Structures are given as structure tokens and as C-alpha cells.
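Me: I am new to this structure and would like to go through it slowly, one question at a time. Please show it to me before we begin.

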Amino acid sequence: MSKLTLGVLASGRGSNFQAIIDEIDAGRLDAEIRLLIVDNVEAYAIERARRQGIENLCLIPGEFQSKDDFFLRIAGELKTRGVELVVLAGFMRIVRKPLIDAFPYRILNIHPALLPSFPGLHGQRQAVDYGVRISGCTVHFVDEGMDTGPVIIQAAVPVSPEDTEDSLSERILKLEHKIYPEAIRLYSEGRLRVEGRTVKITGYRPPEGHIVNPPLI
Ligand code: GRF
């Protein structure tokens with residue numbers, strides 16, 4: 001089977017991007033990252049791509065006529081490089097129709113909360129402020145809403161009353177780095193089937209030690 005080709009979109013430090021690189025390097029994920037696109041020059045993800053010899057491109061939304069034009073250009077760049085799956089890794093924008101239409105059910109996102117709780121910015125802070133006892137992270141397909149697409153995998157962490165946004169973020173991030181490559185692996189193995197809001201996973205075995213609650217068939 002040929003390698004799954006990935007395009008990654010990021011806005012910041014890119015630790016999830018790095019986790020995916022590391023899984024590929026370790027031979028645990030049969031994929032190839034063809035392109036990193038960032039939306040600002042400061043994004044540390046660029047440095048990670050350079051170190052790895054991954055082609056990277058910075059596209060500034062303000063330099064486009066409209067948001068749709070920005071996403072149309074992104075779609076074009078990804079298509080040109082033969083990207084099959086688009087991975088949002090801390091990409092701080094709501095993806096618009098031109099990109100979604102170009103990659104139907106072929107865009108993934110990771111969110112630092114158990115969706116549908118606490119969508120949008122600062123999912124970890126929202127969880128701490130609300131006082132929940134359990135939070136976590138979610139990998140989902142991307143649709144036009146904000147963090148609303150069908151859920152692929154979630155992982156849970158306990159939240160204590162002593163937690164701060166930072167301490168909870170740190171705990172959640174460790175799991176993000178595990179479940180994101182895992183979701184990409186499931187996709188690459190053709191195990192994901194979207195039925196309405198539900199993602200069916202065939203033959204899924206959670207990695208040892210994970211508090212993962214996948215929809216098992
Ligand atoms: C992560 O918490 C992710 O869940 C959210 O943005 C953050 C990105 O972190 N979407 P990084 O850039 O991958 O380190």
C-alpha cells in the first residue's frame with residue numbers, strides 16, 4: 001500500500017505537527033508530509049518543518065481578497081502536491097467551504113476538550129472555569145462549523161479543583177500527541193467510515209495505557 005500523503009496547517013508552536021513527524025520517523029505511521037502551510041511568519045511550526053526538510057509555505061490571510069480566496073489558494077497548493085489528507089494542527093481559523101469542498105471528509109482537527117463541550121478558543125480554560133471533573137481532547141473531521149464535525153477519537157483526563165489552564169493544558173497535550181497520530185493511522189488504514197454524525201471504526205484496538213473511548217464495532 002502506498003504512503004498516505006499529508007498536508008498540515010498550523011498557526012503556532014506545532015507540537016502536534018512534531019508528534020506526527022515523530023510517529024512517521026519511528027515507522028509507526030505510514031505517511032508522508034508533503035507540505036506545511038502556516039498563516040503567520042512567527043509560527044514555530046516552520047522551524048520544525050525546516051529541520052525535517054518538509055516544504056513549507058506561509059500564506060497571510062490579509063493578503064487575499066477574501067477568506068474564501070485564502071482557502072481556495074490553500075486547497076490549490078495542497079492539491080498540486082498530491083495531498084490526500086489535510087491535518088489541522090493548531091490552525092487558528094475556521095476552515096471555509098472552498099477547502100472543505102476540495103477535501104470532503106479528508107480534513108482532520110484536534111481540539112483540547114471533549115467536544116461538544118467547550119468548542120472554540122481556550123477549551124482547557126473553559127473546562128477549568130466551568131469546574132468539570134473530566135476533560136480531554138477530540139480528533140474530528142472538519143465541517144464548516146467551529147469544532148462541530150464527526151468525532152473520530154476522544155481521550156479523557158481528570159480535572160482537579162487545583163488545576164489551572166496551564167496544568168490542564170499540559171496534561172491534555174500529552175494525550176493529543178498520542179491520539180492525533182492514532183487517528184491519522186486509522187484513516188490511513190481505511191478503518192474510518194462516516195455515517196451521519198457517527199464515525200464507525202473497524203478493528204480498532206486502543207494503544208495500551210490510553211484512556212480512550214472509541215466507538216467500537
Ligand atoms: C492544541 O492544544 C490543539 O488541540 C489546538 O491548538 C493547540 C495546538 O498546539 N487545536 P500545537 O501548535 O500543536 O503545539
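Me: What distance separates the centres of domain 1 and domain 2?

Reply: This is a predicted model, in which local features need pLDDT of at least 70 and side-chain atom pairs count only at pLDDT 80 or more, while totals for chains, interfaces and linings use all residues. Residues are numbered from 1 along each chain as its sequence is written, and side-chain values use heavy atoms, with hydrogens and water left out. The domain assignment gives domain 1 as 1-104 and domain 2 as 110-217, such bounds coming from an automatic or database domain assignment. Taken over C-alpha atoms, the separation of the two centres is 20 Å.

Me: What area is buried between domain 1 and domain 2?

Reply: The size of an interface is often given as the accessible area lost when the parts come together; here buried area is the accessible area (1.4 Å probe) that two parts lose on being put together, summed over both. Contact means heavy atoms within 4.5 Å, and 21 residues of domain 1 are in contact with 16 residues of domain 2. Carbon and sulfur atoms give 70% of the buried area, which is about 1,600 Å².

Me: Which residues of domain 1 lose the most area to domain 2?

Reply: Three residues of domain 1 together account for 26% of what that side buries. They are N16, L29 and I94.

Me: How is helix 1 placed against helix 6, oblique or roughly parallel?

Reply: Helices (H or I, at least four residues) and strands (E, at least two) are DSSP runs, numbered from the N terminus. Axes are lines fitted to C-alpha atoms, for helices over the stretch in contact, and angles run from 0 to 180 degrees between N-to-C directions; the axes of helix 1 (residues 15-25) and helix 6 come within 9 Å and cross at roughly 55°. Angles under 35 degrees count as roughly parallel, over 145 as roughly antiparallel, 65 to 115 as roughly perpendicular and the rest as oblique. The crossing angle therefore makes helix 1, relative to helix 6, oblique.

Me: Which residues of helix 6 meet helix 1?

Reply: From helix 1, the residues taking part are S15, N16, A19, I20 and E23. On the side of helix 6 they are L173, E176, H177, Y180, P181, I184 and R185.

Me: How does helix 1 lie against helix 2, roughly parallel or oblique?

Reply: The axes of helix 1 and helix 2 (residues 45-52) come within 9 Å, crossing at roughly 20°. Because of that angle, helix 1 is, with respect to helix 2, roughly parallel.

Me: Which residues of helix 6 make the contact with helix 5?

Reply: Helix 5 (residues 123-130) packs against helix 6 (residues 165-188) at an angle of about 120°, with their axes 9 Å apart, which means that helix 5 is oblique to helix 6. Helix 5 contributes Q124, R125, A127 and V128 to the contact. The residues from helix 6 are E165, L168, S169 and I172.

Me: Where is P116?

Reply: The peptide bond from L115 to P116 is cis, with omega near 10°. P116 is found in the loop between strand 5 (107-111) and helix 5.

Me: What is phi of Y105 near?

Reply: Y105 lies in the loop between helix 4 (97-102) and strand 5. Its phi has a positive value in a residue other than glycine, near 50°.
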